[in-house]
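Me: Please take a close look at one buried-or-exposed puzzle in this model. I would like the setting, the accessibility and the contacts in one connected answer.

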Amino acid sequence: MISPKTLHLTLKKNWFDLMLSGRKMAEFRKPSDWIKQRLINREYDLIKFINGYGNDKPFFICVYEGYEVTHKNEEIIFKDQTVIVEKGDYKIFLGDIVEKGNL
């Protein structure tokens with residue numbers, strides 16, 4: 001179901017599992033040149049999140065719901081995981097999961 005307008009991102013297992021479960025509905029990235037090139041003035045339909053590198057790794061694809069630049073520092077707690085968000089970080093919004101593989 002990969003579209004030419006798919007953003008590809010890699011995740012560590014703990015964050016991958018939280019997103020897959022539906023408990024974490026946004027991904028946060030520090031403002032690097034790499035992420036800016038992928039988000040600013042780009043349009044996507046989907047996001048493919050991969051846990052690791054390679055074609056045999058677990059993945060899921062969800063609807064891309066846009067992004068924003070955060071305006072404040074905050075801590076977001078997911079049970080036993082904490083995300084430290086700093087002003088200026090990129091917050092990428094996830095929609096419904098439309099495909100899962102290699103789980």
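Reply: In this predicted model, start with a backbone oxygen. That of Ala26 lies 3.0 Å from a polar atom of the Lys24 side chain. The Lys24 side chain has a further partner: it makes a polar contact with the side chain of Glu27, at 2.9 Å.

Now the setting. Lys24 sits in the loop between α1 (13-20) and β2 (26-29).

Is Lys24 buried or exposed? Lys24 is buried, because its relative accessibility is 2% and the cut-off for buried is under 20%.

Next, the surroundings. Leaving aside residues up to four places away in sequence, Lys24 touches Trp15, Leu18 and Met19. Lys24 also touches Phe78, Val83 and Leu94, with those same neighbours in sequence left out.

Two asparagines make a useful comparison in backbone and accessibility. Asn41 is in the loop between α2 (33-39) and β3 (46-51). Its phi is near 60°, a positive value in a residue other than glycine. Asn41 counts as exposed because its relative accessible area is 78%, and exposed means over 50%.

Asn102 lies in the segment after β7 (90-101). Asn102 is not a glycine, yet its phi is positive, at about 55°. With a relative accessible area of 40%, Asn102 is partly exposed.

To return to the loop between α1 (13-20) and β2 (26-29): Lys24 is buried there, and its side chain makes a polar contact with that of Glu27.

How values were computed: Residues numbered from 1 in each chain as written. Predicted model: local features only at pLDDT ≥ 70, side-chain atom pairs only at ≥ 80, totals over all residues. Heavy atoms only, no water. Helix = DSSP H or I, 4+ residues; strand = E, 2+ residues; numbered from the N terminus. Buried < 20%, exposed > 50% of the residue type's maximum accessible area, 1.4 Å probe, protein only. Polar contact = N/O pair within 3.5 Å; in protein donor to acceptor, adjacent residues only side chain to side chain. Contact = heavy atoms within 4.5 Å.
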